[in-house]
Each structure stands twice: as structure tokens, then as C-alpha cells.
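Biologist: I should be grateful for a close look at a single part of this model. Please choose one strand, describe its surroundings, and then place it in the wider interior.

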Amino acid sequence: MIKKHEIGLEEIKGIRIGQAENTDAGTGCTVFLSEHGMAAGLDVRGGGPASRESELLNPLAAAQVIHGIVLAGGSAFGLNAADGVMQYLEERGIGFDVGLPIKVPLVCQSDLFDLTVGNPYVRPDKEMGYAACVNSENGGNYRDGNYGAGCGATVGKFAGMEYCMKSGIGSYAVQIGELQIAAVVAVNALGDIFDWKTGEKIAGLLKEDRRTFRDTEEMMCADTRAVENKFTGNTTIGVVITNAEFDKARLCKIAGMVHDGYARSIRPVHTSADGDSIYAVSVGNISADMDLTGSVAAEVMSEAIIRAVKSAKSAYGFPAAEDL
């Protein structure tokens, strides 16, 4: 029987990952680059996404591959980071051939809301996006924790920022035979975070002592009236990477299956105050079953969520899981 085992994120070839952040301002970005293009799908389940070029990943759209994905903070303001990625790729002749001396890079982006963490007037921009691309060279600089898109990530915000916790970005990767599957996720949820295997809460809404937990769903049940603004400082955004060969229609299906990983680990999830989004990308030519890949990828995503929370360090006045 073939068993799955953990591998390093760097063992998956055909994609480069780089990060840049402004630690003082509490924001950053994480880029995923493919020089030869990568098939990609997207599934958005949250009600408040901040995104760019999402329609490229509609199976009816003409383009079959893209060249970059950006995960960033800054909410809609941070979408400028993709301009730096576009510049970096254009300078290297990477992009869609339009019959001109230039090529057009295809870059998608999703952002989380971190404007309430550090300096709301400093957001990921063109320069930061370009810097993250440079940092992807020579093996990249990816790290779990308070880096890249996870720099200003927090969780458990139903009662406001006074009672939330610091989160970050996390990764996990496995191999089954030749099949490789990885996930990278910036966890910035309205809800609470759980270990999907044990059900133990590991981060989320804090009590007044800021040392013990309250239950977000129970707190929501205390008043069933409609709440128009659920402190919209949220959104969990992630990328699943596989060396299996799938077209973007199948990758959209896999991305949808991976949302099970969010649902196992975050409660509540996919709310109107979140912009929860998952990209799935193919960077290899291994033959693999789509349903197996999606099912395993959901588990890998749940493990990456745990890493994002447990790798985070306290910052900006918010305690991290390791402090409790």
C-alpha cells in the first residue's frame, strides 16, 4: 500500500514562491510564479472578496494558463501589488504571446483585510510585489508565520480587534507515490480556528482576560438579529499546488473540494464578512485521480491552517497561540 508522507514545500518543482512585507505597517504579500505558465482554478466562497483577474480562471475563458498568483494584505488597496509582478515578468519576457514584441503576463490576486492591524495607510504596492518576485529567486524566501500575506493576519474578530489573536501564513505538503500536493494559506478569519484532527480550539475569539477562549458561534447565537457589519476585517486566502496534470475546469473542482479543509478548521467560515478564496494550480504532468487529489488537498489545507496559527508570533498587541 502506498502511503502519503510529508515533504518540503521546495520539493515541488515548476513554481517559485517569494514574500515581502512591511513589518512596521503590518502588511505584506506572497507571490507564486510559473515561467512556463500554470493551469489554475479558483473557488470563492466568502461574501467579501478583494480580487483581480478572477474571470481568467473561469473554464469558459480562453487563457489556459496563468503566470502568477498574488496573496496580499491591504484589502482592495493592496491589489496594486500585481502591477509589480507584471513588471517583473514582462522584463523577463514571460507572458501570453499577443503577436507583439512584448508578452502580457497573466496574474491573479486575492487580498485579505489587515488595515486594522498596523498602519492602514501603508499597503502592498507595486514595489512590494516586485520585491517579492525578486525574493522568489534562488530557492525563494518562503517562511511560515508573520511573513508575506500573513504579516498582518488575525483571527477571532467577531467582538472586534480587542479580543482577537495574531495568526499568519502557513504551509504543508505531502507525497503519495509520484503525486505531490501542497497548500499555502494566509489565515485571517472572522471565526475560530480548530485542530481538524482533535477538534481542539487553537486560536480565536478571546475572553476579557485575553488568555482563554469564547465561542464565536455561541456569541452569534446570543442575538439572532441581522448584523449589517460583522467587523469586516477578514478573509482566508490560499493556494493548493500539485504536480498532477489537470486543466482549469478540474482545478476549479479541486479548489472547491479544498474548501472542506477550511470548513474543518474554521468556524464560522464562508461568512458574508469573509472573502474566503482558494486557488488550485497544476505545475506538473503526473497522472492522478481528481477526487483523490481534491480530498487529500483538503487535509493538506487543514494542516497548513494549523501551521499558520502555530507559527505566528504575537505582534501589534495581539497574542499568538504560543502565548496562551
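Modeller: The following account begins with one strand and its partners, and then turns to the nonpolar cores and the aromatic rings. The model is a predicted one.

The strand chosen is E3, which comprises residues 27-44. Of its 18 residues, 15 are buried, so E3 is largely enclosed by the rest of the structure.

Three strands may be described as partners of E3. Strand E2, residues 16-22, is joined to E3 by 7 bridges, and the two run antiparallel. Within this pairing, Asn22 stands opposite Thr27 of E3. E2 and E3 form a hairpin with 4 residues between the strands, where Gly26 adopts a positive phi near 75 degrees. Strand E5, residues 66-72, pairs with E3 in the antiparallel sense through 6 bridges; here Cys29 has Ala72 of E5 as its bridge partner. Strand E17 is likewise antiparallel to E3, with 6 bridges between them, and Ala39 has Ser282 of E17 as its bridge partner.

E17 leads on to the nonpolar interior. The largest nonpolar core contains 39 residues, and those with the most contacts inside it are Ile181, Ile193, Val240, Met301 and Ile305. Among the elements that give two or more residues to this core are strand E17 (277-286), helix H4 (248-265) and helix H5 (290-311). H5 gives the most, with 9 residues. Setting aside neighbours within four places in sequence, Ile305 is in contact with Val185, Val187, Ile193, Gly261, Tyr262, Ser265 and Ile266. There is also a second, separate core of 31 residues, which includes Met38, Ile69, Leu106 and Ala149.

The aromatic rings complete the account. A search of the whole structure finds 1 aromatic pair. The ring centres of Tyr88 and Tyr130 are 5.7 Å apart and their planes lie at 75 degrees, so the pair is edge-to-face. The pair links distant parts of the chain, since Tyr88 belongs to helix H1 (residues 81-91) and Tyr130 to helix H2 (residues 126-135), 42 residues apart. Tyr88 is buried, with a relative accessible area of 2%, whereas Tyr130 is partly exposed, with a relative accessible area of 22%; the cut-off for a buried residue is under 20%.

Two further rings have a charged residue over them. The charged end of Arg123 sits over the ring of Phe77, 3.6 Å from its centre. Arg267 lies over the face of Phe194, at 3.8 Å from the ring centre.

Definitions and conventions:
Residues numbered from 1 in each chain as written. Predicted model: local features only at pLDDT ≥ 70, side-chain atom pairs only at ≥ 80, totals over all residues. Heavy atoms only, no water. Core = buried A, V, L, I, M, F, W, Y, C linked by side-chain atoms within 4.5 Å. Buried < 20%, exposed > 50% of the residue type's maximum accessible area, 1.4 Å probe, protein only. Contact = heavy atoms within 4.5 Å. Pairing = 2+ DSSP bridges. Phe/Tyr/Trp six-rings, centres within 6.5 Å; stacked < 30°, edge-to-face > 60°. Lys NZ or Arg CZ within 6 Å of the ring centre and 35° of its normal.
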